[in-house]
Amino acid sequence: MAGHSNYITPEGAKKLRTELTWLWKEERPRVTQGVADAAAEGDRSENAEYIYGKKRLREIDRRIRFLTQRLDALTVVDAPPPATGTVFFGAWVRLENEEGDEVVYRVVGPDETDAAKGHISLDSPMGKALLGRREGDEIHVRRPAGEAVFTLLEVGYQPPD
């Protein structure tokens with residue numbers, strides 16, 4: 001993931017480790033057994049279960065390799081910074097847009113972005129605009145739909161209530 005940050009929250013690292021463990025200890029053995037059972041049925045060239053199973057094994061192995069390498073490269077950030085009124089990695093921020101609507105985001109690493117949860121990458125335009133800002137600052141973000149202006153209302157390192 002060239003050009004992406006190698007930071008991750010403890011929750012994000014745990015999620016990736018859980019996926020790796022599941023793939024290695026549960027999913028891969030199950031699919032391997034299915035391939036072995038399909039191979040025992042005879043002609044492999046026209047055996048859909050065998051062909052699909054081999055393809056699924058390649059996908060699993062590729063994901064296992066990716067997760068292993070990625071987890072080795074990541075830095076888990078588990079302590080909040082000393083300046084809690086400033087936006088750093090892992091911060092929860094409450095913003096107000098030009099229309100007066102409030103939104104809450106958490107600045108996380110690229111491996112754990114999730115729009116539904118409000119988790120934005122520190123590499124995203126919004127993440128880059130927020131880093132180093134303080135409560136009360138005006139944030140200008142260039143988006144495909146045009147520039148947006150937000151006011152930074154609150155910065156914290158615990159999930160908001």
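**View 1. Leu 95 and its partner across the S3–S4 hairpin in the predicted model.** Leu 95 stands opposite Val 103 in S4, and the structure shown here and in the views that follow is a predicted model. The two strands concerned are S3, covering residues 92-97, and S4, covering residues 102-108, which pair in the antiparallel sense over 5 bridges. The hairpin that S3 and S4 make has 4 residues between the strands, and within this hairpin Gly 100 takes a positive phi near 90°.

**View 2. The parallel pairing of S4 with S5.** Whereas S3 and S4 pair in the antiparallel sense, S4 and S5 pair in the parallel sense, over 3 bridges. Here Val 108 stands opposite Ser 121 in S5. Strand S5 comprises residues 119-121 and is an edge strand, pairing on one side only.

**View 3. The antiparallel pairing of S6 with S7.** Strand S7 spans residues 146-156 and is joined to S6 by 6 bridges, the two strands running antiparallel. Ile 139 stands opposite Phe 150 in S7.

**View 4. The sheet as a whole and the record for this part of the chain.** The sheet is open and consists of 5 strands in the order S5-S4-S3-S7-S6, with mixed pairing. Its edge strands are S5 (119-121) and S6 (138-143), each of which pairs on one side only, and the twist from one strand to the next averages 45°. In general, strands of a sheet pair through backbone hydrogen bonds, in either a parallel or an antiparallel arrangement. For residues 84-157, an unreviewed UniProt entry lists "domain: Transcription elongation factor GreA/GreB C-terminal". Computed over residues 84-157, the chain is 8% helix and 45% strand, and the C-alpha atoms at the two ends are 7 Å apart.

**View 5. Asn 47 in the loop between helices H1 and H2.** Asn 47 lies in the loop that separates helix H1 (10-39) from helix H2 (48-73). With a relative accessible area of 6%, Asn 47 counts as buried, because this value falls under the 20% cut-off. The side chain of Asn 47 reaches the backbone nitrogen of Glu 49 at 3.2 Å, and a polar atom of that side chain also lies 3.2 Å from the backbone nitrogen of Tyr 50. When neighbours within four places in sequence are left aside, Asn 47 is in contact with Ala 38 and Glu 41.

Notes: Residues numbered from 1 in each chain as written. Predicted model: local features only at pLDDT ≥ 70, side-chain atom pairs only at ≥ 80, totals over all residues. Heavy atoms only, no water. Pairing = 2+ DSSP bridges. Axes fitted to C-alpha atoms, helices over the stretch in contact; angles between N-to-C directions. UniProt positions renumbered as here; feature names shortened; annotations may be inferred. Buried < 20%, exposed > 50% of the residue type's maximum accessible area, 1.4 Å probe, protein only. Polar contact = N/O pair within 3.5 Å; in protein donor to acceptor, adjacent residues only side chain to side chain. Contact = heavy atoms within 4.5 Å.
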